[in-house]
Every structure is written in structure tokens, then in C-alpha cells.
Amino acid sequence: MGVLTKKVKGAEDILPRDSYKWQFVEDVMKQQAEVYGFKEIRTPVFEHTMLFNRGVGETTDVVQKEMYTFDTKGGESITLRPEGTAGAARAYLEHALYNDGLPVKAYYLLSCYRYEKAQAGRQREFHQFGMETYGASDAKADAEMICAANSVFERLGVKNVRLELNSIGCKTCRKDFTNALKEYFGKYTDKLCATCLSRLERNPMRILDCKSEICSAIAKDAPKVLDYICTDCSQHFERVKSFLDVAEVDYTVNPTIVRGLDYYTRTVFEFVTDTIGAQGTVCGGGRYDGLIEELGGQPTPSLGFAMGIERLLLVMQSQGIELPQPKTCDLYIAALGENAEKKAFEFVRELRDSSLIAEMDIVGRGLRAQMKYADKIKAKFSMVIGDDDINANKASVKNMSTGDKFDVPLDKGFFEAFIEKYAIMEQTGIIDSLK
Ligand code: ATP
Ligand code: MG
């Protein structure tokens, strides 16, 4: 006997009985991205490590502590993507997508890998839906991005997610703010946590994001970024808000929301919920006007967001949101004897060719067990074929929920006879769609 291998800690299986939830949510995401004019981009699971050092940022927790990095046999340093923005930006440059005309708008659905402490809503392999816009500096692009994320929550019927909004200014006005933060937090070097102490020099804005009680208490009275941003940035922020007002999307301005990378500029936002405990940020995004340049391209105003799919599903579950159940078997054909099995096989194939879900026994069960199975898989209709039925060229189809029965011939007329009754009983437009 072999020894069972278990999944790696922090990774989860998505099982056949649950995958319909993922498919439903992902379909909504794709549809929303597409009505907002975004096209899908798919990038590799791994990239050169350097991409993330630059594209996520050397000073972030993700790069400092959380990446799955390894050397290949050829001695190259490779990293499993911890997020989707860097890979999309690399592809944008590598394939000169800007030649297709700006703005370029892309969305993705992908798995991410971060070595962090696994808990509810925090995994080592997890999934994100995200959107990216390249080449748009106007505030309407920010508002469009936020509306697109918000529309996913709306379409899924998710309630109680707050949109928290902030502006962290541009390269120029950030300097004053950073200096003010250094001066303020510099007074608390004996109290700040070790991580924040190291942030003090390199990236003091990240201290505002620290989850430790002491640091966040100190951060409460820290200088507020909105008092430091320049007129241009401030006007941009006002315009983002005014377009959100036009779209009737509610927000609260939260000055502690920072995304902390050097190339994050101006708008930053998060969608937060209190219904799933500590891991309450379901979606985060903002503008990164410096990113493409950082990766070797021309200055290109860009922005985007990423939404955690596991966290979204947790929120939906906690709010009792019912998802449409997956389709069940339209017709189960129970057959006994070689001739009957051949007939069943032929009919099943014919139904499947017309996109109906048809099943028959493939494990060698007896008739009673086959019918039990039809019940278990919640087949809508069932039908039994034995030698007698073949001789009589007729079998009886049973509506499993009402018990109603009707006859069908077991020859070329089978398909039409079944479909006609099926359409009436199930009130579907199947006959029209087959024409
Ligand atoms: P957190 O502060 O919760 O660690 P983050 O700032 O690291 O989040 P982002 O890099 O902005 O997260 O990723 C966007 C979204 O991806 C998050 O809002 C969250 O929904 C999801 N996410 C991030 N890390 C994980 C993880 N380890 N497991 C599950 N979902 C995650
Ligand atoms: Mg994190």
C-alpha cells in the first residue's frame, strides 16, 4: 500500500461539489470586466525574481518575506507570482501593447503564491481577480476602475463592503509628507515594532498600515497625507470623488489607507468588510503612475485593483448569499442487458450532442442500484430500458419530481419525442434553441 500524500499547508483544493461557486463568481467577474471594456490577459505562474523586486517593490512585506523564490537548474532565480500587476505590466511592455492604442485595459483571474501564516482568508496559494488600465491619467479612469470593482459586489449581492478612499499624492508632494512622517514617528522609536523601525528610514508611509496595536495607536495622530498633497493631486482627487458621486458609489475618505510603494501615486482604495474577521480587505487598488517607468518603459499613467476570491467567497458565505445550484442530469437512462445498454449509449450521446446532460451506468450496477443513483444525482427525468422494452419499441420516461410518465419510442423517433415533452414539462426554450 502506498502512503497518502496530503496537500501542502496553506493550499486548498476546490472540489467538484464546490466548483460551481467559483465558476459563478468568476463568470460575473469576467462579464463585468468585459462590459467595462477590459480584455483578459493570462501571464505565466512564474517570472524572473527581479520583476517582482521592482514591480512589487523591494521594501514591501511581499518581497521581503513572502515570496516563493527558487533557483532553477540553470542557476536563474525564479519566483512564483505573489500578485498579478507585475506580470501584466511586463507583458504590456514586452509585447508593446501600447501600439494597440491607449488606454490598454486588461483583466485577469489567477492564482498567487505568498509564504505567509495560513489562516481563514489568508492562504499560501490563493486567487485574485484584477483589472489594469495603462495610459490613462484622467480621474475618470480612477472612477471607472472603482466602479468596475464595485459592480462585482453589486451583481453578486454582497452587502456591507465599505469603499475606503485616499490620495497619497505624487512623487513631488510625497517628499514633504514623508519628511513629516519621519519627524513624527522619529519621536516614538522606543515604541514602534521592529518592522516599523526598519520602515522609518526606507518607507515611513507603510507604518500607517501596521496592524500592531501600539503602532496603529501612534499612527492615529500622525500627519495626514491630504494636508500635504499638491494642488494638482488635490484637484485630481476631488474629480475622482465627483465622478464616483455621478455613479452613485458611496465611499469614505480614510487617510490611513496607503499602498506604500514608491510608484503608487494619487488614488488608493480598499473595499473592506467587517463580516469575516481580521482579514477584512477584499479588494485593494490604486494608481501607479511610476510603475511602467520603473520596469523600463516610457512614463505611463496606470492603475488597477486586485480582489481576493477566497475572501469574497467567505463574505458571501457569511452573508448567506445563495448561488444558483449547478445544473443536474436531464435524463438518466437505466439499462439492463447488452442490447439495452447499446440503445442507452446511443441515446445518451444524442442528447449530449444537443447540450443536454445525459447519464447512464458505467460501473456495472443492477437496475435498482442504477435508479438509486439517478435519485442521488438528482436527475430530472429517468427511463428504464430492458429487452422487453426493446421488443415493444417503447419505454416510459419518468419525471423524477412529479412522478408523471410519458412514453417514447426506442428508435429514431426517441429524441424528438423526449425533447418535446421535456420542453413542456421543464418550460425551457430548448426546442427553439435546437432549431
Ligand atoms: P493583507 O493586508 O490582507 O495582507 P495585502 O495588502 O497583502 O492584504 P494585496 O496585495 O493588496 O493584499 O492583494 C489584494 C487582495 O488579495 C487582498 O485584498 C486580499 O483580498 C487578497 N489576498 C492577499 N493576500 C492573500 C492571502 N494570503 N490569502 C488570500 N487572499 C489574499
Ligand atoms: Mg499581505
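Buried here means under 20% relative accessible area. Keep that cut-off in mind for the close-ups below, which all come from a predicted model.

**View 1. Helix α4 sits largely enclosed by the rest of the structure.**
Start with α4, which runs over residues 85-94. Because 9 of its 10 residues are buried, the rest of the structure largely encloses this helix. The buried ones are T85, A86, G87, A88, A89, R90, A91, Y92 and L93. What does the covering of these buried residues include? Among the elements are two helices, α2 (49-57) and α10 (291-294), along with the strands β2 (46-48), β5 (104-113) and β6 (125-134).

**View 2. α2 packs against α4 at an angle of about 105 degrees.**
Here we pick out α2, one of the elements that cover α4. The axes of the two helices are 9 Å apart. With that angle, α2 is roughly perpendicular to α4. On the α2 side, look for L51, F52 and G55; on the α4 side, they meet A86, G87 and R90. Sorted by class, this contact has 3 nonpolar, 2 polar and 1 charged residues. A86, G87 and R90 also appear in the list of buried α4 residues.

**View 3. Just past α4, the backbone has a couple of details to look at.**
A96 comes just after α4 and takes a positive phi of about 45 degrees. Now find P103, in the loop between α4 and β5. What kind of peptide bond joins L102 and P103? The bond is cis, and its omega is about 0 degrees.

**View 4. α1 and α11 cross at roughly 110 degrees.**
Time for another pair of helices. The axes of α1 and α11 come within 11 Å, and the two helices are therefore roughly perpendicular to each other. From α1, the residues in this contact are K21, W22, V25, E26 and M29. Their partners in α11 are I309, E310, L312, L313 and M316. By class, the contact divides into 7 nonpolar and 3 charged residues, with no polar ones.

**View 5. The second largest pocket has a volume of about 650 Å³.**
The lining is made up of 27 residues, and those closest to the pocket's centre are K21, W22, L313, L314 and Q317. Some of these names may ring a bell: K21, W22 and L313 also take part in the contact of α1 with α11. Three elements give two or more residues to the lining, namely α1 (19-35), β6 and α11 (309-318). Which of the elements gives the most? That is α11, with 5 residues. As for chemistry, the lining has 11 nonpolar, 8 polar and 8 charged residues.

**View 6. The structure holds 1 cavity of 30 Å³ or more.**
The largest cavity has a volume of about 40 Å³. Its lining is formed by F177, L208, A219, A222, P223, K224, V225, P255 and T256. That set divides into 7 nonpolar residues, 1 polar and 1 charged.

**View 7. Q370 is a buried residue of helix α13.**
The helix here covers residues 367-376. Is Q370 buried or exposed? With a relative accessible area of 2%, Q370 is buried. Leaving out residues up to four places away in sequence, Q370 touches Y332, I333, A334, A335, D361 and R365. For a sense of scale, the C-alpha atoms of Q370 and H127 are 39 Å apart, and the two residues lie 243 apart in sequence.

**View 8. S355 and N393 both sit in loops.**
S355 has a phi near 65 degrees, a positive value in a residue other than glycine. Its loop runs between α12 (338-353) and β13 (358-360). At 65% relative accessible area, S355 is exposed. N393 is not a glycine either, yet its phi is positive at about 55 degrees. Look for N393 in the loop between α14 (387-392) and β15 (395-399). Its relative accessible area is 32%, so N393 counts as partly exposed.

**View 9. D407 lies in strand β16.**
The strand covers residues 405-408. D407 counts as partly exposed, at 47% relative accessibility. Which residues does D407 touch, not counting those up to four places away in sequence? They are K394, A395 and S396. A395 is 12 residues from D407 along the chain, and their C-alpha atoms are separated by 5.6 Å.

How values were computed
Residues numbered from 1 in each chain as written. Chains lettered and ligands numbered in written order. Predicted model: local features only at pLDDT ≥ 70, side-chain atom pairs only at ≥ 80, totals over all residues. Heavy atoms only, no water. Buried < 20%, exposed > 50% of the residue type's maximum accessible area, 1.4 Å probe, protein only. Helix = DSSP H or I, 4+ residues; strand = E, 2+ residues; numbered from the N terminus. Contact = heavy atoms within 4.5 Å. 1 Å grid on protein atoms, 1.4 Å probe; cavity = no way out; pocket = protein on both sides within 12 Å on 5 of 7 lines; lining within 4 Å. Points joined across faces, edges and corners; volume = space filled by probe spheres on them. Nonpolar A, V, L, I, M, F, W, Y, C, P; charged D, E, K, R; others polar. Axes fitted to C-alpha atoms, helices over the stretch in contact; angles between N-to-C directions. Parallel < 35°, antiparallel > 145°, perpendicular 65-115°, else oblique.
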